[in-house]
Amino acid sequence: MPLKRSDSSPKEISSTLSIPLAKEPISAGFPSPAEDYIELGVDLNKYLIKNPISTFFLRVSGNSMNKAGIYNNDLLIIDRSINPYPGHIVVAILDGEFTLKRLIKEKDNYYLKADKENYPAINLYEYLDIQIWGVAI
């Protein structure tokens with residue numbers, strides 16, 4: 001059974017986020033106004049968001065991915081245009097319910113696995129409707 005991505009798309013990102021970049025290294029000595037050091041803004045979309053039309057934020061609920069550095073209430077950036085490969089952390093829909101897990105392939109079987117030992121792996125072949133909705137970036 002091949003994995004499939006959902007075709008429904010979230011709203012396009014309509015604005016850019018620019019964070020100021022300092023002109024020079026900041027001294028660990030006497031403080032000075034931050035405005036004196038500002039050179040230009042760095043557009044985060046240019047560096048983080050390769051496909052704005054297929055990218056969105058997702059708030060995490062739960063702690064099954066703590067070992068991956070993903071904690072309850074974290075915001076993740078999800079890109080729906082990336083093909084999911086084993087090892088990726090993915091948003092999956094299993095019979096109509098969302099989950100965030102790591103995609104694993106063992107022999108010819110695909111699993112979704114939490115990064116905590118006390119959570120069982122989810123065998124994707126046990127579900128009728130499976131969609132990989134996006135990859136965490």
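Which residue in E9 does Ile78 stand opposite? Good morning, everyone. The residue opposite Ile78 is Ala136 in E9, and this pair is a convenient way into the sheet that I shall describe today. Please keep in mind throughout that the structure on the screen is a predicted model.

Let me begin with the overall plan. The chain contains nine strands and one helix. Read from the N terminus, two strands come before the helix, and the order is β-β-α-β-β-β-β-β-β-β. The chain has 137 residues, of which 29% are buried. Its accessible surface is about 9,300 Å², and carbon and sulfur atoms account for 54% of that area. If we take the contacts between residues at least 6 apart in sequence, 54% of them join residues at least 24 apart.

I turn now to the sheet. Strands of a sheet pair through backbone hydrogen bonds, and the pairing may be parallel or antiparallel. Here we have an open sheet of seven strands, paired antiparallel, in the order E3-E4-E9-E5-E6-E7-E8. Which strands form the edges? They are E3 and strand E8, residues 122-123, each of which pairs on one side only.

We can follow the pairing across part of this sheet. E3 and E4 are antiparallel and share five bridges; within E4, Leu76 is the residue that faces Leu58. E4 is in turn antiparallel to E9, with two bridges between them, and this is where the opening pair, Ile78 and Ala136, belongs. Strand E5, residues 89-94, runs antiparallel to E9 and is joined to it by five bridges. There, Ile93 has Gln131 of E9 as its bridge partner.

Is E4 enclosed or open to the outside? Four of its five residues are buried, so E4 is largely enclosed by the rest of the structure.

This leads to the nonpolar residues. In soluble globular proteins, nonpolar side chains tend to be buried together. The largest nonpolar core in this model has 11 residues, including Val60, Met65, Ile70, Leu76, Ile78 and Leu100. E4 and E5 are the elements that give two or more residues to this core, and E5 gives the most, with three. Apart from this core lies another one, of 10 residues, with Val90, Ile122, Leu124 and Ile132 among them.

Leu100 deserves a closer look. Which residues does Leu100 contact, once its neighbours within four places in sequence are left aside? They are Val60, Ser64, Met65, Ile70, Leu76, Ile89, Val90 and Val91.

My next topic is the aromatic rings. A search of the whole structure gives two aromatic pairs. In one, Phe56 and Trp133 meet edge-to-face, with 5.1 Å between their centres and 65° between their planes. Phe56 belongs to strand E3 and Trp133 to strand E9, residues 130-136, so this pair ties together parts of the chain that are 77 residues apart in sequence. Both residues also belong to the 11-residue core. Why do we call Phe56 buried? Its relative accessible area is 13%, and buried means under 20%. Trp133, at 14% relative accessibility, is likewise counted as buried.

The other pair consists of Phe98 and Trp133; it is also edge-to-face, at 5.2 Å centre to centre and 70° between the planes. Phe98 lies in strand E6, residues 97-106, and Trp133 in strand E9, so that two parts 35 residues apart are linked. Phe98 itself is exposed, with a relative accessible area of 54%. Through these ring pairs, Phe56, Phe98 and Trp133 are linked into a cluster.

Trp133 has a further partner. The charged end of Arg80 sits over the ring of Trp133, at 4.4 Å from the ring centre.

Finally, let us consider a loop residue. Gly69 is located in the loop that connects strand E3, residues 55-59, with strand E4, residues 75-79. Its relative accessibility is 41%, so Gly69 counts as partly exposed. Gly69 and Asp115 are separated by 46 residues in sequence, while their C-alpha atoms are 9.4 Å apart in space.

To close, I would ask you to find Trp133 on the screen once more. Trp133 is part of the largest nonpolar core, is linked with Phe56 and Phe98 in the ring cluster, and has the charged end of Arg80 over its ring. Thank you for your attention.

Note on methods. Residues numbered from 1 in each chain as written. Predicted model: local features only at pLDDT ≥ 70, side-chain atom pairs only at ≥ 80, totals over all residues. Heavy atoms only, no water. Buried < 20%, exposed > 50% of the residue type's maximum accessible area, 1.4 Å probe, protein only. Contact = heavy atoms within 4.5 Å. Areas by Shrake-Rupley, 256 points an atom, 1.4 Å probe, with all protein chains shown as cover. Phe/Tyr/Trp six-rings, centres within 6.5 Å; stacked < 30°, edge-to-face > 60°. Lys NZ or Arg CZ within 6 Å of the ring centre and 35° of its normal. Pairing = 2+ DSSP bridges. Core = buried A, V, L, I, M, F, W, Y, C linked by side-chain atoms within 4.5 Å.
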